[in-house]
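Me: I would like to go through the structure shown below in a series of questions. Please reason briefly in each reply and finish on the value or name requested.

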Amino acid sequence: MTQLQRPVYLPRGLSRTVFPACWAVIVAASLALPRLPAVRAADSEQNLIGIVAIPNQTYKNLSEAMIAKLEKKQYKCQYVEIPRNIIEQLALKEEGGPRADSAPETPASEQNVIVLQNLFKPLLEARPTLIVALGDTATCATAQIFPQIPVVFCMVPNGFDLLARVQSELKTSNVAGLTSDIVPADQIAWIAKIHPQGRRIGLLCSERTRQTAVSLKSAAQARGITISTIEASKDRFPEAMEALSQDAPDSVLMIADSQIYNAANVR
């Protein structure tokens, strides 16, 4: 079985273009799919691709566009949408999850596994060659039920953290994909242009974004800039802001992390 263990950033040209997000992902996903040796349109019995998403119009539009493109190349596609009530069940552990200074969560409960198995039963029976998952929730759910089938994710921020979580919690390495993040070196380069005198950046992170923080710190160090990371969570946000204030950085970099930010504390 081909082992996939690396997220891919959007091509440099796309990341610098004002381009609708869904179409950028269509282009990037189309570039990634042919590279997987497990997918061969010539194998009439081994060319089924599963497409998994959550109820979201952008994801729906992207899924339809990907299916149309793949079917033109003689692939068969099977679409599965994870209902909102199941998403809410899967989110319970995350909402009541550990603080930033505690151990990582254990895998989802057996009840959730049964729910997902029932949801994915038609796709399981179809024996797909590869699955494309749109978003973090779809990726984790799919990897949990299909540990031996390559899963390609897209529209996911913090791709290295997602891979680390999947590998530690689900014990599978057959996951790779296209992160929606901008290349760390480009992010730091833009910060340097906006604030040339800055030499110290503050960054809040949680257990869900530690790998992303490490990649940013490495890119900043290469330009003589220091990133100071502070562990944070939504329920301890005031403490994190106090620590950030005491650290006195030149600027603050926010990364996508639902464990830290919500509508209230972003303001």
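Me: Among contacts between residues at least 6 apart in sequence, what share joins residues at least 24 apart in the protein chain?

Reply: The model is a predicted one. Contacts in the protein chain between residues at least 6 apart in sequence form the reference set, and the portion of them that joins residues at least 24 apart is 73%.

Me: How many helices and strands does the protein chain have, and what percentage of its residues is buried?

Reply: The secondary structure comprises twelve helices and nine strands. A residue is taken as buried when its relative accessible area is under 20%. Of the 267 residues in the protein chain, the buried ones make up 47%.

Me: What part of the exposed area of the protein chain do carbon and sulfur atoms supply?

Reply: The area exposed by the protein chain is about 13,800 Å². Of this area, the part supplied by carbon and sulfur atoms is 52%.

Me: How is the pair of Phe120 and Phe146 classed?

Reply: The structure holds two aromatic pairs. In the pair of Phe120 and Phe146, the ring centres are 5.6 Å apart and the planes stand at 75°. Planes over 60 degrees apart count as edge-to-face, so the class of this pair is edge-to-face.

Me: How many residues apart are Phe120 and Phe146, and where do they lie?

Reply: Phe120 is in the loop between helix 5 (110-119) and helix 6 (121-126), whereas Phe146 is in the loop between helix 7 (136-145) and strand 5 (151-156). The pair thus links distant parts of the chain, with a separation of 26 residues.

Me: Are Phe120 and Phe146 buried or exposed?

Reply: The relative accessible area of Phe120 is 0%, and that of Phe146 is 3%. Since buried means under 20%, Phe120 is buried and Phe146 likewise counts as buried.

Me: Which parts of the chain does the pair of Phe237 and Tyr261 tie together, and how many residues apart are they?

Reply: Phe237 and Tyr261 form an edge-to-face pair, at 6.2 Å centre to centre and with 70° between the planes. Phe237 lies in helix 11 (residues 237-247) and Tyr261 in the loop between strand 9 (251-253) and helix 12 (263-266), so the parts tied together are apart in sequence by 24 residues.

Me: Are Phe237 and Tyr261 buried or exposed?

Reply: Phe237 has a relative accessible area of 11%, and Tyr261 has a relative accessibility of 13%. With buried defined as under 20%, Phe237 is buried and Tyr261 also counts as buried.

Me: Which term describes how helix 9 lies to helix 10?

Reply: The axes of helix 9 (residues 184-194) and helix 10 (residues 210-221) come within 8 Å and cross at roughly 55°. That crossing makes the relation of helix 9 to helix 10 oblique.

Me: What is the handedness of the crossing of helix 9 and helix 10?

Reply: Pro184, Ala185, Gln187 and Ile188 in helix 9 meet Ser215, Leu216, Ala219 and Ala220 in helix 10. The crossing in which helix 9 passes helix 10 is right-handed.

Me: Which residues does Thr142 contact beyond its neighbours within four places in sequence?

Reply: Thr142 lies in helix 7 and counts as buried at 0% relative accessibility. Leaving aside neighbours within four places in sequence, its contacts are Val52, Phe120, Ile131, Ala133 and Val151.

Me: How far apart in space are Val166 and Thr139, C-alpha to C-alpha?

Reply: Val166 is found in helix 8 (residues 159-170) and is buried, with a relative accessible area of 1%. Val166 and Thr139 are 27 residues apart in sequence, and their C-alpha to C-alpha distance is 8.8 Å.

How values were computed. Residues numbered from 1 in each chain as written. Predicted model: local features only at pLDDT ≥ 70, side-chain atom pairs only at ≥ 80, totals over all residues. Heavy atoms only, no water. Phe/Tyr/Trp six-rings, centres within 6.5 Å; stacked < 30°, edge-to-face > 60°. Helix = DSSP H or I, 4+ residues; strand = E, 2+ residues; numbered from the N terminus. Buried < 20%, exposed > 50% of the residue type's maximum accessible area, 1.4 Å probe, protein only. Contact = heavy atoms within 4.5 Å. Areas by Shrake-Rupley, 256 points an atom, 1.4 Å probe, with all protein chains shown as cover. Axes fitted to C-alpha atoms, helices over the stretch in contact; angles between N-to-C directions. Parallel < 35°, antiparallel > 145°, perpendicular 65-115°, else oblique. Left-handed = near helix turned anticlockwise from the far one by under 90°.
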